[in-house]
Structure formats: structure tokens, C-alpha cells
Amino acid sequence: MPELPEVETVCRGLSGPLTGTVLRGVEVRRPDLRQPFPPRFAQRLEGQKVLSVRRRAKYIVIDLDGQDSWLIHLGMSGRMVIDRPETDKERPHDHVVFSTDTGHRIRYHDPRRFGMMDLTPTANLSCHPALAGLGPEPLEDAFTPASLASQLTGCRSPIKTALLDQAVVAGLGNIYVAEALFIAKIHPTRPAGSLTKAETARLVQGIKHVLSAAIAAGGSSLRDYVQTDGELGYFQTQWAVYGREAEACLACKTPVQRIQQGGRSSFFCPKCQRK
Ligand SMILES: [Zn+2]
């Protein structure tokens with residue numbers, strides 16, 4: 001599943017070709033993805049000028065001059081593919097296809113159809129059900145050790161689970177939580193409310209660091225994920241613990257361990273990360 005850095009990469013990849021252009025030839029080829037498309041979806045997008053492309057948590061937000069915003073979630077396997085003339089070939093599972101008045105053709109490709117699209121007034125965007133309960137953006141200045149500490153006070157859930165809660169911090173997923181906890185030297189089973197001030201500070205710093213590094217590297221790639229330009233990301237080769245069970249910890253050579261938490265794998269170094 002694309003995580004925050006991948007979605008940020010997609011937004012940056014879409015921003016150049018889309019910003020300032022007018023949407024043309026919008027084709028919506030099925031009634032739904034994870035949920036139905038909004039009524040008259042294609043007609044409402046047609047002729048709209050794109051004001052900006054931005055990200056909120058794992059959502060792509062395309063602001064339109066008709067005062068609506070186009071909200072997109074890539075689900076498990078969604079991709080935005082900007083066709084280059086030499087490779088312009090449509091494929092099965094291209095569910096939404098559109099062009100711009102500057103000649104770009106963009107396909108939303110999603111074999112598993114867990115993605116989501118909606119249109120909502122820009123002014124009410126933060127009240128949209130998908131966005132209303134979200135916590136702070138981890139890369140914004142408002143996300144600080146003090147703000148995280150206030151969210152975690154008294155929380156008995158494991159820190160791993162707490163960080164996946166989108167109300168605590170928006171957009172973090174399994175990979176980057178594992179990496180951030182490794183940087184912060186915190187064991188994933190630690191009760192969230194038990195972190196010291198120094199650990200909370202290291203954790204905030206770790207979260208910002210792993211996300212920034214992944215964005216700089218173009219977003220990690222998993223099986224179903226491709227960047228807007230069709231190139232694979234490559235940050236996964238730099239993961240310290242995620243997906244490295246039984247391999248040597250990069251810091252101390254102890255084998256990385258994997259446990260299940262809330263039905264998902266947690267990877268950690270039993271020596272570097274304190275219980
Ligand atoms: Zn270690």
C-alpha cells in the first residue's frame with residue numbers, strides 16, 4: 001500500500017503536468033472503486049481548471065477552480081500513470097482516464113479497486129468523512145515532541161499501534177513506523193504512554209527523518225506501486241529493519257526480529273530498541 005512518501009511523490013509528479021491546466025475528455029469506466037464515484041463525476045470534472053495538487057495524509061487533493069476539490073486515495077494498488085507518447089498504451093484496470101488542455105493523458109490504474117475518489121467543496125474539505133478525524137501532518141512544524149506527548153499521555157496501547165492510529169499522526173504506515181522506532185531506539189511493544197521526553201523527541205525526529213529521506217528518494221516501491229512517471233522508487237534498499245527478519249541489525253549486527261502486532265508484522269532490533 002502506498003504510504004505518505006509515495007503519495008507525496010505522486011502529488012509532486014502530478015503537480016507539474018496538471019497545475020494550471022484544464023481537464024478534458026474525462027472518462028469514468030465503471031460505477032465504483034471501493035465506493036461509488038460521486039454523481040455526474042466526469043461531467044463535474046470536465047472543463048475545470050486545476051489550481052493545485054497537494055497531499056493530506058495518504059490522500060491526493062486536486063483543487064479545482066469551480067470551488068470543488070477532487071479527493072483521491074490510491075488504496076492498495078492504485079497508480080496515476082502519466083503517459084508519455086512513446087509508451088501510450090492503455091491497459092485493463094484503467095478506470096479513470098483524462099487529458100489536459102496541454103496534451104497530457106493521465107490514467108488511474110487500480111487492479112484491486114480499493115482506491116477512492118470523491119468531489120467535495122474545497123471550503124469544507126477538512127470536514128470530509130475521510131479527513132475529519134486525522135491528526136497532524138508529521139512533516140509540518142505543528143508536529144512536535146510536545147504535541148505527540150500530549151496525544152500519547154496515558155495511552156496503554158503499544159507505541160507501534162498508537163503511531164498507526166491516524167488520529168495521533170496522519171499518514172504513517174507499517175514501514176515508516178518500524179523505521180522511525182528503530183531510529184528512536186524504542187521497542188514496538190512499549191506502552192505509548194511510557195515514553196520519556198527524550199524518547200518522544202527522538203521519535204518525532206525519527207519520523208520526520210525517515211519520511212523526508214523516502215520522499216527525497218522518490219518514494220519506496222512495493223509490488224503494486226509505480227510512480228507517476230512509471231519509474232520504480234528505490235528507498236526500500238535502505239530500510240534498516242522493515243522486511244529484514246533474521247538479517248543483521250545495521251548498528252549492532254544482532255538479527256532483526258519480527259513479531260505480530262494487531263495482525264501486522266513489526267520488525268525491530270531486540271538489542272538497539274529498548275523495552
Ligand atoms: Zn541493533
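With 275 residues, the protein chain would be expected to have a radius of gyration near 19 Å if it were a compact globule, and its value of 20 Å agrees with that. The coordinates belong to a predicted model. Along the principal axes, the C-alpha atoms fill a box of roughly 55 × 40 × 30 Å. The chain holds 6 helices and 10 strands. Buried residues account for 52% of the 275 residues. The accessible surface amounts to about 12,400 Å², and carbon and sulfur atoms contribute 52% of that area. Among contacts between residues at least 6 apart in sequence, 65% link residues at least 24 apart.

**Nonpolar cores**

The largest nonpolar core contains 38 residues, and Ile159, Leu163 and Leu203 have the most contacts inside it. At least two residues of this core come from each of α3 (145–152), α4 (159–164), α5 (174–183) and α6 (197–216). Leaving out residues up to four places away in sequence, leucine 163 touches Leu148, Val169, Leu172, Val177, Leu181, Leu203 and Ile207. Another core lies apart from the largest one; this other core has 28 residues, including Leu33, Val50, Trp70 and Phe98.

**Helix α5 and the loop after it**

Helix α5 is largely enclosed by the rest of the structure, because 9 of its 10 residues are buried. The buried residues are Asn174, Ile175, Tyr176, Val177, Ala178, Glu179, Ala180, Leu181 and Phe182. Asn174 and Glu179 are thus listed among the buried residues of α5 alongside Val177 and Leu181, and the latter two are also contacts of leucine 163. The buried residues of α5 pack against α1 (4–18), α4, α6 and β10 (264–268). Lysine 185 follows α5 and has a positive phi, near 60 degrees.

Arginine 190 is located in the loop between α5 and α6. Its relative accessible area is 9%, under the 20% limit, so arginine 190 counts as buried. Outside the residues up to four places away in sequence, arginine 190 touches Ser157, Pro158, Ile159, Leu195, Thr196, Glu199, Arg274 and Lys275. One of these contacts, Ile159, is also among the residues with the most contacts inside the largest core.

**Zinc site**

The zinc ion has four protein donors, Cys249 (SG), Cys252 (SG), Cys269 (SG) and Cys272 (SG), at 2.2 to 2.4 Å. The angles among the 4 donor atoms run from 102 to 112 degrees, and the site is tetrahedral. This assignment follows because four donors count as tetrahedral if all angles lie between 85 and 135 degrees. Along the sequence, the donor residues follow the spacing C-x2-C-x16-C-x2-C. Cysteine 249 is buried, with a relative accessible area of 3%, whereas cysteine 252 counts as partly exposed at 23%.

**Loop residues**

Most residues other than glycine have a negative phi. Glutamine 67 departs from this, with a positive phi near 75 degrees. Alanine 246 also has a positive phi, of about 75 degrees, although it is not a glycine. Glutamine 67 sits in the loop between β3 (59–64) and β4 (68–73), and alanine 246 in the loop between α6 and β9 (257–261). Both residues count as exposed because their relative accessible areas, 62% for glutamine 67 and 59% for alanine 246, are over 50%.

Aspartate 101 is found in the loop between β6 (94–100) and β7 (105–109). Apart from neighbours within four places in sequence, aspartate 101 is in contact with Thr21, Val22 and Arg24. The C-alpha atoms of aspartate 101 and histidine 209 are separated by 38 Å, and the two residues are 108 apart along the chain.

The table lists relative accessible areas for residues discussed above, together with that of aspartate 101.

| Residue | Relative accessible area | Class |
|---|---|---|
| Cysteine 249 | 3% | buried |
| Arginine 190 | 9% | buried |
| Cysteine 252 | 23% | partly exposed |
| Aspartate 101 | 43% | partly exposed |
| Alanine 246 | 59% | exposed |
| Glutamine 67 | 62% | exposed |

How values were computed:
Residues are numbered from 1 along each chain as its sequence is written. This is a predicted model: local features need pLDDT of at least 70, side-chain atom pairs count only at pLDDT 80 or more; totals for chains, interfaces and linings use all residues. Side-chain values use heavy atoms; hydrogens and water are left out. Donors are N, O and S atoms within 2.8 Å of the metal (3.2 Å for Na, K and Ca); water is not among the atoms, so sites may look incomplete. Four donors count as tetrahedral if all angles lie between 85 and 135 degrees; four count as square planar and six as octahedral if opposite donors are over 155 degrees apart and all others between 65 and 115; anything else is irregular. Buried means under 20% relative accessible area, exposed over 50%, partly exposed in between (1.4 Å probe, protein chains only). Helices (H or I, at least four residues) and strands (E, at least two) are DSSP runs, numbered from the N terminus. The radius of gyration is taken over C-alpha atoms; the globule rule is 2.2 Å times the number of residues to the power 0.38. Contact means heavy atoms within 4.5 Å. Accessible areas come from the Shrake-Rupley method with a 1.4 Å probe; for residues, only the protein chains shown count as cover. A nonpolar core is a set of buried Ala, Val, Leu, Ile, Met, Phe, Trp, Tyr and Cys residues joined through side-chain atoms within 4.5 Å.
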